[in-house]
Amino acid sequence: MSSRVITPGVSGGGPNVRSLEAPGLRIGERIIKALLWVAATLSVVVTTGIVISLLLPSVGFFQQVSIVEFLTGTIWAPAFAEPSFGVLPIVVGTLMVVLFAMLVAVPVGLTSAIYLSEYAPTKVRKAIKPILEVLEGIPTVAIGLFAFSVLTPLIRELTPFLPWTGPFSIGVAGITVGLLIIPLVSSVSDDAMRSVPMSLREGAYAMGATKFEVALRVVLPAAISGVIAAFVLGISRAIGETMVVLLVAGAGNPVLSFDPTKGIQTMTAYIGSTATGDISQGTITYDSIFAVGALLFLMTLVMNVIAIRLVRRFREVYD
Amino acid sequence: MPKATTGDTVTTDEEASSSPSLGVSDALGEERTRQASGVNTFELRNVNVYYGDMLAVSDVSLDIPHNEITAFIGPSGCGKSTLLRSLNRMNDLIPTARVTGDVLYHGVNMYGPTVDPVQVRTVIGMVFQKPNPFPKSIYDNIAFGPRILGMKGDLDEIVESSLRRAALWDEVKDRLKDNAFGMSGGQQQRLCIARAIAVQPDVILMDEPCSALDPVSTGKVEDLMLELKEDYTIVIVTHNMQQAARVSDLTAFFTVAAMDETSNRTGVLVEIDETRTVFSNPKDERTANYVTGKFG
């Protein structure tokens with residue numbers, strides 16, 4: 001019995017035993033790891049920074065205006081001699097935009113996704129999909145101008161029985177935002193539906209299901225988490241949309257109203273039209289911008305939490 | 001036997017029994033030991049299946065008898081799955097797939113102009129290689145077919161009887177509302193068989209139904225096949241020759257052959273006969289080599 005020394009590279013009578021230790025420090029690996037960590041941390045830091053920069057001025061705001069008054073008040077008149085900070089009118093304005101946007105984007109986006117994923121020949125899909133993605137990238141100000149100059153007059157023409165007043169309309173703004181997010185909803189839903197395994201479709205076909213039954217009762221339920229994610233993305237986009245709303249719904253009329261033919265100010269339109277060079281820091285109007293911004297942030301946050309819950313609940317796990 | 005066309009109706013027993021089963025070696029007058037009903041569910045005549053310009057299966061003619069198990073065996077790429085999928089028009093789902101020749105189902109040309117592929121698949125069901133339950137509850141998996149077809153009758157009863165028929169009821173009766181993905185692979189495959197049975201088909205096609213299963217589950221599925229053949233015509237594609245030998249009444253051996261005029265390779269039928277003949281006394285040397293393991 002003799003103890004054996006492991007010597008790398010020594011080829012004696014025994015097997016050629018090689019070193020098991022790292023040949024170097026692997027500096028590159030460490031640098032990459034550090035860079036990746038920085039990138040990941042940066043996004044968290046930036047987000048936190050945004051939240052803090054929103055919250056700090058809002059703290060000042062809420063020292064002068066009570067939160068209850070802010071959240072339940074129905075008169076939004078921040079620039080008046082005797083200002084009133086009831087945020088409900090512009091919240092309702094934002095929700096009206098979301099409502100009308102989703103009334104347009106959900107049915108059209110979903111139908112087009114079902115067509116693209118289940119019915120369209122490969123050639124058609126390959127042609128349409130990039131177009132959709134380009135449409136997603138059109139500057140919203142251009143779409144706003146289109147809506148202002150074409151869509152608004154057209155819709156008025158088509159619905160003379162509605163009580164149109166003034167140049168602006170929150171309903172038309174919502175419809176325009178809906179058009180704007182159709183490509184997003186359609187593209188993301190299409191991706192979700194196409195990732196459903198072919199074997200599930202075959203299983204349904206083999207029992208005599210029609211193409212529509214396969215799409216609606218097998219593919220859509222299996223892809224529902226992705227489809228809901230598409231809707232949530234759309235809603236978040238609609239909540240945050242500013243340019244279209246400024247151009248089509250106007251920014252000057254913060255009345256509490258559910259009339260889609262009226263021009264109504266939304267939260268984003270308020271921020272967008274108020275945060276100009278004219279405003280001086282430290283005034284209550286200045287702080288009110290941040291309070292509205294913080295509330296917007298909260299709304300999208302709540303939306304996302306609800307969406308995550310919904311997705312978990314209705315998700316059909318495959319594989 | 002005259003070539004049946006779309007207009008023809010169901011082949012009579014007399015006709016069918018007098019028709020020479022192509023390639024079957026009972027021509028010598030040997031008595032069949034198999035309890036043949038004499039009725040053919042499928043009669044294929046000069047069937048070619050193409051994917052685009054590629055000929056995947058060439059000139060297949062064979063008969064598949066009623067309420068028996070017919071196995072398709074052969075090496076990979078011999079077109080046995082492709083041919084199986086032409087029996088319930090699953091190939092229609094592939095845009096480039098094309099079938100020529102006659103695929104007769106009880107004398108009716110399945111590719112005739114008045115035949116609806118969706119209707120075909122309610123009569124001729126299919127079980128796939130990998131278990132593919134829907135990501136729904138066990139109950140909803142079975143109820144899916146009856147629901148979309150608007151079948152009359154108590155849904156609960158249909159679900160129970162289908163699961164019983166697939167020898168799965170006792171294992172799952174207490175968790176019908178659970179997601180089917182919580183079942184084992186073998187249970188999932190039997191669920192898929194139960195699902196196929198639920199729409200009361202006439203034929204069940206099985207495309208390598210046990211290739212993803214362990215031996216115990218395979219045994220259960222094979223037992224199930226033997227039971228089911230009392231009521232259904234079963235056609236099974238398998239890579240497992242022991243399986244073909246264990247369960248099938250007839251075996252068709254396919255292989256890959258080079259076409260004369262081109263270098264393209266295509267699937268051809270070598271022979272179809274009673275399973276015991278194919279395995280013990282095959283007519284063709286290629287079959288003998290394959291079943292004895294010398295090739296493939």
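Q: In this predicted model, how many bridges pair strand β9 of chain B with β10(B), and in which sense do the two run?
A: Let's start with β9, residues 250-258 of chain B, which sits beside β10(B) in the antiparallel sense. One pair to look for is V256(B), whose bridge partner in β10(B) is G267(B). The count of bridges between these antiparallel strands comes to 9.

Q: Which residue of β10(B) is the bridge partner of S58(B)?
A: Now look at β2, residues 54-65 of chain B, which pairs with β10(B) in the parallel sense over 2 bridges. In general, strands of a sheet pair through backbone hydrogen bonds, either parallel or antiparallel. For S58(B), the partner in β10(B) is V268(B).

Q: How many of the residues of β10(B) are buried?
A: This strand covers residues 265-274 of chain B, and it's mostly covered. Buried here means under 20% relative accessible area. Out of its 10 residues, the number that are buried is 9.

Q: Which strands are the edge strands of the open sheet in chain B?
A: The sheet has 10 strands with mixed pairing, in the order β5-β4-β1-β2-β10-β9-β3-β8-β7-β6. An edge strand pairs on one side only, so read off the two ends of that order: they are β5 (108-109) and β6 (124-127) of chain B.

Q: What is the bridge partner of Y50(B) in β4(B)?
A: Strand β1 (residues 40-51) and strand β4 (residues 97-105), both of chain B, run antiparallel and are joined by 8 bridges. Follow Y50(B) across to β4(B) and you land on R98(B).

Q: How far apart are the end C-alpha atoms of helix α6 of chain A?
A: This helix runs over residues 170-194, which makes 25 residues. At 1.5 Å a residue, it should span 36 Å. The distance in the model agrees with that, at 35 Å.

Q: At which residue does α6(A) bend, and by about how much?
A: A handy clue is the proline P183(A), which follows the bend within four residues. The bend itself is at I181(A), and the angle is about 40°.

Q: Why is α6(A) described as largely enclosed by the rest of the structure?
A: Check how many of its residues are hidden away: the helix has 25 in total. It's called largely enclosed because the number buried is 20.

Q: Is S117(A) buried or exposed?
A: You'll find S117(A) in helix α3 of chain A. Its C-alpha atom is 7.8 Å from that of D191(A), although the two are 74 residues apart along the chain. The relative accessible area of S117(A) is 11%, and the cut-off is under 20%. Therefore S117(A) counts as buried.

Q: Which element gives the largest share of the lining of the largest pocket?
A: The largest pocket holds about 610 Å³ of space. Of its 22 lining residues, the closest to the centre are E118(A), M198(A), K211(A), L93(B) and P95(B). The lining divides into 11 nonpolar, 3 polar and 8 charged residues. The largest share, 4 residues, comes from α3(A).

Q: Which helix gives the largest share of the lining of the largest cavity?
A: There's 1 cavity of 30 Å³ or more, and the space in the largest is about 30 Å³. Both chains line it, with G203(A), A206(A), M207(A), M126(B), C192(B), R195(B) and A196(B). These divide into 5 nonpolar, 1 polar and 1 charged. The largest share is 3 residues, from chain B's helix α7 (residues 185-198).

Terms used:
Residues numbered from 1 in each chain as written. Chains lettered and ligands numbered in written order. Predicted model: local features only at pLDDT ≥ 70, side-chain atom pairs only at ≥ 80, totals over all residues. Heavy atoms only, no water. Buried < 20%, exposed > 50% of the residue type's maximum accessible area, 1.4 Å probe, protein only. Pairing = 2+ DSSP bridges. 1 Å grid on protein atoms, 1.4 Å probe; cavity = no way out; pocket = protein on both sides within 12 Å on 5 of 7 lines; lining within 4 Å. Points joined across faces, edges and corners; volume = space filled by probe spheres on them. Nonpolar A, V, L, I, M, F, W, Y, C, P; charged D, E, K, R; others polar. Expected span 1.5 Å × (residues − 1). Bend = angle between axes of the 7 residues up to and from the residue.
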